[in-house]
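Welcome! Here is a short briefing to help you find your way around a structure you have not met before.

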Amino acid sequence: MSLRKVLGFALLAVLLAAPAWAQNINAAGATFPYPIYSKWFDEYHKAHPSVQINYQSIGSGGGIRQLLDKTVDFGASDGPMSDDQLKQAGLKILHFPTVLGADVPSYNIPGVTAELKFTPEALAGIFLGKITKWNDPAIASQNPGVKLPAEDIVVVHRSDGSGTTYIWTDYLSKVSDEWKTKVGTNTSVNWPVGLGGKGNEGVAGLLKQTPNSMGYIELIYAIQNNIPYGSVKNVAGEFVKPSLASVSAAAAGTVKSMPDDFRVSITNPPGKGAYPVSSFTWLLIPAQIQDAAKKAAIKDFLGWMLTSGQQLCEPLAYAKLPKEVIAKEEKAIAMIP
């Protein structure tokens, strides 16, 4: 057989194996859930070769901005869109919770490997720039037996619009009136002190390379980068380490009162065993999608995410959605026209 015929058959085989149509879907937003989203989009593509979801991990603020600019098919955020942002959109935007995760207080203190304990007052004081030394009594008193240095705390925060920041500042606003008044809750704030890093990746990188630093990152980034992280005192007076169980416990109290639009905060919740800096994270989906094939693909992915996708959460340190929330979301998906 000639080389030309061999190449011809090879080309024919490739064409026959390719999907009859390909659907490219573009999305952007939160870095907080990027590890699980990356896994989901890859696994969904394997099961549905004709659908390719391209996701840019640019931060929640960027995802909302691109959604408002209509340069993506959907966005992703760890903080729900505000009423003003929803008005700017010019069309209805639906919030779909995807997983539960945690912001963790991570640190790099040479010679200290212990799991430190942080009170709400200590965390607010550190990020307000009022607690400046690692051996400050506000920290040392909760960590007896740990030799904390008399070194300056180098605060690290996000430099970009960030849902991880929204969660952190939402928590600090609930536990500190001074923080609420001076700084407040948002995806971007005027930080009283500290260095800025882009994305969870950037903050994790700064923490690793900066001695005596402290910052907030999503749990999986601390685990993957082998950065120590501490426990936080909750409303019940317990020091709780972030984990799948403690994040799920934080959501337990909101399950029955989940609003129809799914916009809810679960930071600083009541109840034993609840980790206080926990949050849902959301996909932001336009209610009206003109391209029928694209709409069908997005709706199918959402259904897959709530079933098969949830089984992929725990290996990446995200907590699954409560079954009550899944049932409520499935009804909402069915209502997309």
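In helix 2, residues W40, F41, E43 and Y44 meet A297, D300, F301, W304 and M305 of helix 12, where contact means heavy atoms within 4.5 Å. This is a predicted model, in which local features need pLDDT of at least 70 and side-chain atom pairs count only at pLDDT 80 or more, while totals for chains, interfaces and linings use all residues. Residues are numbered from 1 along each chain as its sequence is written, and side-chain values use heavy atoms, with hydrogens and water left out.

**Helix 2 and helix 12**
- By class, their contact has 7 nonpolar, no polar and 2 charged residues; Ala, Val, Leu, Ile, Met, Phe, Trp, Tyr, Cys and Pro count as nonpolar, Asp, Glu, Lys and Arg as charged, and the others, Gly among them, as polar.
- The axes of helix 2 (residues 34-47) and helix 12 (residues 292-306) come within 11 Å and cross at roughly 115°; axes are lines fitted to C-alpha atoms, for helices over the stretch in contact, and angles run from 0 to 180 degrees between N-to-C directions.
- Helix 2 and helix 12 are therefore roughly perpendicular to each other, a label for angles of 65 to 115 degrees.

**The sheet**
- An open sheet of 8 strands has the order 2-1-3-11-4-8-6-7, with mixed pairing; helices (H or I, at least four residues) and strands (E, at least two) are DSSP runs, numbered from the N terminus.
- Strand 2 (51-57) and strand 7 (195-197) are at the edges with a single partner strand each, so one side of each has no neighbour in the sheet.
- From one strand to the next, the twist averages 25°.
- Strand 6 (residues 154-158) runs parallel to strand 7 and is joined to it by 3 bridges; two strands pair if DSSP finds at least two bridges between them.
- R158 is opposite G197 in strand 7.

**Strand 11 and its neighbours**
- Strand 4 and strand 11 run antiparallel, joined by 9 bridges, and P97 has W282 in strand 11 as its bridge partner.
- Strand 3 also pairs with strand 11 in the antiparallel sense, over 3 bridges, with G75 opposite L284.
- Of the 9 residues in strand 11, 9 are buried, meaning under 20% relative accessible area.
- One of the strand 11 residues is S279, which is buried with a relative accessible area of 7%.
- Beyond its neighbours within four places in sequence, S279 is in contact with D78, V99, L100, G101, I167 and I266.

Key: Angles under 35 degrees count as roughly parallel, over 145 as roughly antiparallel, 65 to 115 as roughly perpendicular and the rest as oblique. Buried means under 20% relative accessible area, exposed over 50%, partly exposed in between (1.4 Å probe, protein chains only).
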